Amino acid sequence: MNEGFLLQFFGVAFLFVGVIAFGFTSRNLVRAIKSLGWPQSTGEIQKSGVKEVTVGGNTTDMGAHSAIQVNYQYSYIVNGRSYRSQRVTMSDKVVKTGRTLSSLSKQFKTGQDVRVYYNPNNPSYSVLKKGPDIYCFTVIVTPALMLALGGYMVFFSDHLLEVLT
């Protein structure tokens, strides 16, 4: 089996995985952009704070580590119907810096009245901070790099072999 074939094979694998991962990660970015046009309602923070979560596996032997994420609950009313949600930003599941978490905890406190932005097609889907933030973009970096590397391996495998040998 020649090296050119192997490079192209792995390049196609990178492209395949990159396309799937890019689709999943960019879906949240599209939602965040759409939220800029969502209507708003008034709500109340029922619970505010942060929580510790396990990231990257089931145990520390498998590479798992703990991280801090936002932990909020708020209620709001749309067209006479009451809703509850926990979503503060479109990137709540992304691990954030301590400074960002501190800023969010200062901005939203238990018992506080807040503006809630909700999806007009599905009012149960809401956020307290509409639009994309930096964390909506950072999760796209890895799939984008996979796509770039896979494309390079597929379309420029001859040049890559020259450089490597």
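This is a short dialogue about reading the folds and packing of a predicted model.

Student: Where do I start? How many helices and strands does the chain have?

Tutor: Begin by listing the pieces. Remember that this is a predicted model. The chain has 5 helices and 7 strands. Their order along the sequence reads α-β-β-β-β-β-α-β-β-α-α-α.

Student: Okay, and how do I read a sheet? What order do the strands have in the open sheet?

Tutor: The trick is to walk across the sheet rather than along the chain. Here you meet 5 strands in the order 5-4-1-6-7, and the pairing is antiparallel. The edges are strand 5 (81-85) and strand 7 (122-127), each pairing on one side only. From one strand to the next, the twist averages 40 degrees.

Student: Strand 6 sits between two others in that order. Which strands pair with strand 6, and over how many bridges?

Tutor: Take the two sides in turn. On one side, strand 1 (residues 40-47) pairs with strand 6 in the antiparallel sense over 5 bridges. Within that pairing, Glu44 stands opposite Asp113 in strand 6. On the other side, 3 bridges join strand 6 (residues 113-119) to strand 7, again antiparallel. There you can spot Tyr118 opposite Ser126, and Tyr117 opposite Val127.

Student: What links strand 6 to strand 7 along the chain?

Tutor: Look at the stretch that joins them. These two strands form a hairpin, with 2 residues between them.

Student: Is strand 6 largely enclosed or open?

Tutor: For that, count its buried residues. In strand 6, 5 of the 7 residues are buried, so the strand is largely enclosed by the rest of the structure. Across the chain of 165 residues, 36% count as buried.

Student: Can we try one residue? Why does Asn119 count as buried?

Tutor: Compare its relative accessibility with the cut-off: buried means under 20%. Asn119 has 18%, so it counts as buried. Asn119 lies in strand 6, and it is in contact with Trp38 and Tyr125, leaving aside neighbours within four places in sequence.

Student: And a residue in a loop? Where does Ala64 lie?

Tutor: Ala64 lies in the loop between strand 2 (50-55) and strand 3 (65-70). With 10% relative accessibility, Ala64 counts as buried too. Its C-alpha atom is 6.3 Å from that of Thr54, although the two residues are 10 apart along the chain.

Student: Now the inside. Which residues of the largest nonpolar core touch the most other members?

Tutor: To read a core, look for the members with many partners. This one has 15 residues, and Ile45, Tyr72, Tyr76, Val88, Phe108 and Leu128 touch the most other members. Strand 4 (73-78), helix 2 (98-107) and strand 6 each supply at least two residues of this core.

Student: What does Phe108 touch?

Tutor: Not counting residues up to four places away in sequence, Phe108 touches Ile45, Ser48, Tyr72, Val88, Val114, Leu128 and Lys129. Apart from the largest core lies another, of 9 residues, including Trp38, Tyr117, Tyr125 and Ile140.

Student: Last one: how do I look at the chain as a whole?

Tutor: Check contacts, then surface. Among contacts with a separation of 6 or more, 68% come from residues 24 or more positions apart. The chain exposes about 10300 Å², and carbon and sulfur atoms supply 59% of that area.

Definitions and conventions. Residues numbered from 1 in each chain as written. Predicted model: local features only at pLDDT ≥ 70, side-chain atom pairs only at ≥ 80, totals over all residues. Heavy atoms only, no water. Pairing = 2+ DSSP bridges. Helix = DSSP H or I, 4+ residues; strand = E, 2+ residues; numbered from the N terminus. Axes fitted to C-alpha atoms, helices over the stretch in contact; angles between N-to-C directions. Core = buried A, V, L, I, M, F, W, Y, C linked by side-chain atoms within 4.5 Å. Buried < 20%, exposed > 50% of the residue type's maximum accessible area, 1.4 Å probe, protein only. Contact = heavy atoms within 4.5 Å. Areas by Shrake-Rupley, 256 points an atom, 1.4 Å probe, with all protein chains shown as cover.
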